[in-house]
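Work through the exercises below with the sequence and the structure at hand. Each task is followed by a solution in steps.

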Amino acid sequence: MASEEILKAVFPFLEGTELATCMIVCKLWRDIARDDYFWKCLCSKKWPSICKRTSPPTVTYYNLFQNFHKRQYHRTVLPPKLSFSDLEFYIDIWTEEKIIFSDVVPGPVLQKGIWIPPPGICDVLRFHLEGPEYKMTLPVEPRFTIPLCQTVSVSVLVGRKDTNKAACIIKKSLFDYIDRTAYRALAFDYLDFSSPISLFVSGVRAWISLLFMDHGNEGALDVFGIEMDFCDAANSEHEVLWLLDMLEWK
């Protein structure tokens, strides 16, 4: 059999990513793999009803498969209406019913990259803080110590200077998980969005962590920082600002 006949016999059995890879092997492979028949075969596996048409709904079946065979995770985010300079965060932390931390934090202070963690933190926590995920961090000064035998809870509100409105991010949630390997105590709450967005968006969490040092005291946490993120749905500064803009502001 000629090489072209072999390729035409094999290509219909390939997956889309494999067929696309064949297109960059050489000119012969590219010309054969461009045959829309192969891409129609792939489309018929994913969307059989589309292939009942005499012609594809797009220019070619190759275009159809290329555009819709998987979710597009990396999309350009338009500049948000909000900026961190428009925001201020109200963070309150209790042990039992005693307040141990209460502060009004300007939005720019929480932006990534403003705070450099202190020396002496564990490598796992350092790698986490230096990782690519978007995190908002705040130094705690003076530091405070939390006995492990006590219940610790947190509330976070955010205010907008441009509209004089506020929204709830975390409503007195418990720090009910302590990650001893990364030296973080974690709490979360589900965000409330404005209508009609709330009809379509749910289950997005706001996470807040207490960052602590290891001084050999197994019975207490020496807290030196606070971290907040929305990595369930937002992993960049623009995405976080869009998410905050959709909250139920009152």
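**Exercise 1. Strands β7 and β8**

Find how many bridges join β7 to β8 and the sense in which the two strands run.

Solution. Strand β8 covers residues 205-213, and 7 bridges join β7 to β8. The two strands run antiparallel. The model is a predicted one, so the pairing is read from predicted coordinates.

Two pairs of residues help to locate this pairing. Arg-184 has Leu-211 in β8 as its bridge partner. Leu-186 stands opposite Ser-209 in β8.

**Exercise 2. The other neighbours of β7 and β8**

Find the strand that pairs with β7 over 3 bridges, then the strand that pairs with β8 over 7 bridges and covers residues 220-229.

Solution. Step one: strand β6 (residues 177-179) pairs with β7 in the antiparallel sense, over 3 bridges. Tyr-177 has Leu-186 in β7 as its bridge partner. The hairpin of β6 and β7 has 4 residues between the strands, and in this hairpin Tyr-183 takes a positive phi near 55°.

Step two: strand β9 (residues 220-229) pairs with β8, again in the antiparallel sense, over 7 bridges. Here Ile-208 stands opposite Met-228 in β9.

**Exercise 3. Burial of β7 and β8**

Decide from the count of buried residues how far β7 and β8 are enclosed.

Solution. For β7 (residues 184-190), 5 of the 7 residues are buried, so the strand is largely enclosed by the rest of the structure. For β8, 7 of the 9 residues are buried, so this strand too is largely enclosed by the rest of the structure.

**Exercise 4. Ser-209**

State whether Ser-209 is buried or exposed, and list its contacts, leaving aside neighbours within four places in sequence.

Solution. First, place the residue: Ser-209 lies in strand β8. Next, compare its relative accessible area of 1% with the cut-off: buried means under 20%, so Ser-209 is buried. Last, list the contacts: Ser-209 touches Phe-175, Arg-184, Ala-185, Leu-186, Gly-225, Ile-226 and Glu-227. Leu-186, one of these, is the residue that stands opposite Ser-209.

**Exercise 5. The open sheet**

Give the strand order of the open sheet of 4 strands and name its edge strands.

Solution. The order is β2-β1-β4-β5, with antiparallel pairing. The edge strands are β2 (98-106) and β5 (165-174), each of which pairs on one side only. From one strand to the next, the twist averages 10°.

Now take one pairing in this sheet. Strand β1 (residues 87-95) is joined to β2 by 8 bridges, and the two run antiparallel. Asp-92 has Ser-102 in β2 as its bridge partner.

**Exercise 6. Cysteines**

Work out how many disulfides there are, and why Cys-122 and Cys-168 form no bond with the closest cysteine.

Solution. A disulfide needs two cysteine sulfur atoms within 2.5 Å. The sulfur of Cys-122 is 18 Å from the closest cysteine sulfur, which belongs to Cys-231, and this is too far for a bond. For Cys-168 the closest cysteine sulfur is also in Cys-231, 19 Å away, again too far for a bond. The count comes to 0 disulfides.

As for accessibility, Cys-122 is partly exposed at 21%, and Cys-168 is partly exposed at 23%.

**Exercise 7. Aromatic rings**

Classify the pair of Phe-11 and Phe-38, and name the cluster that includes them.

Solution. The whole structure holds 9 aromatic pairs. In the pair of Phe-11 and Phe-38, the ring centres are 5.7 Å apart and the planes are at 85°, an edge-to-face arrangement. The two residues are 27 residues apart: Phe-11 is in the loop between α1 (3-10) and α2 (16-22), and Phe-38 is in helix α4 (residues 36-46). Both Phe-11 and Phe-38 are buried.

Tyr-37 and Phe-38 have ring centres 5.8 Å apart and planes at 65°, so this pair is edge-to-face. Phe-11, Trp-29, Tyr-37 and Phe-38 form one aromatic cluster.

**Exercise 8. Domains**

State how the protein is divided and how far apart the C-alpha centres of the domains lie.

Solution. Domain 1 covers 1-69 and domain 2 covers 84-246. Their C-alpha centres lie 48 Å apart.

Terms used:
Residues are numbered from 1 along each chain as its sequence is written. This is a predicted model: local features need pLDDT of at least 70, side-chain atom pairs count only at pLDDT 80 or more; totals for chains, interfaces and linings use all residues. Side-chain values use heavy atoms; hydrogens and water are left out. Buried means under 20% relative accessible area, exposed over 50%, partly exposed in between (1.4 Å probe, protein chains only). Two strands pair if DSSP finds at least two bridges between them. Domain bounds come from an automatic or database domain assignment. Contact means heavy atoms within 4.5 Å. Axes are lines fitted to C-alpha atoms, for helices over the stretch in contact, and angles run from 0 to 180 degrees between N-to-C directions. Rings of Phe, Tyr and Trp (its six-membered ring) pair if their centres lie within 6.5 Å; planes under 30 degrees apart count as stacked, over 60 as edge-to-face and the rest as tilted.
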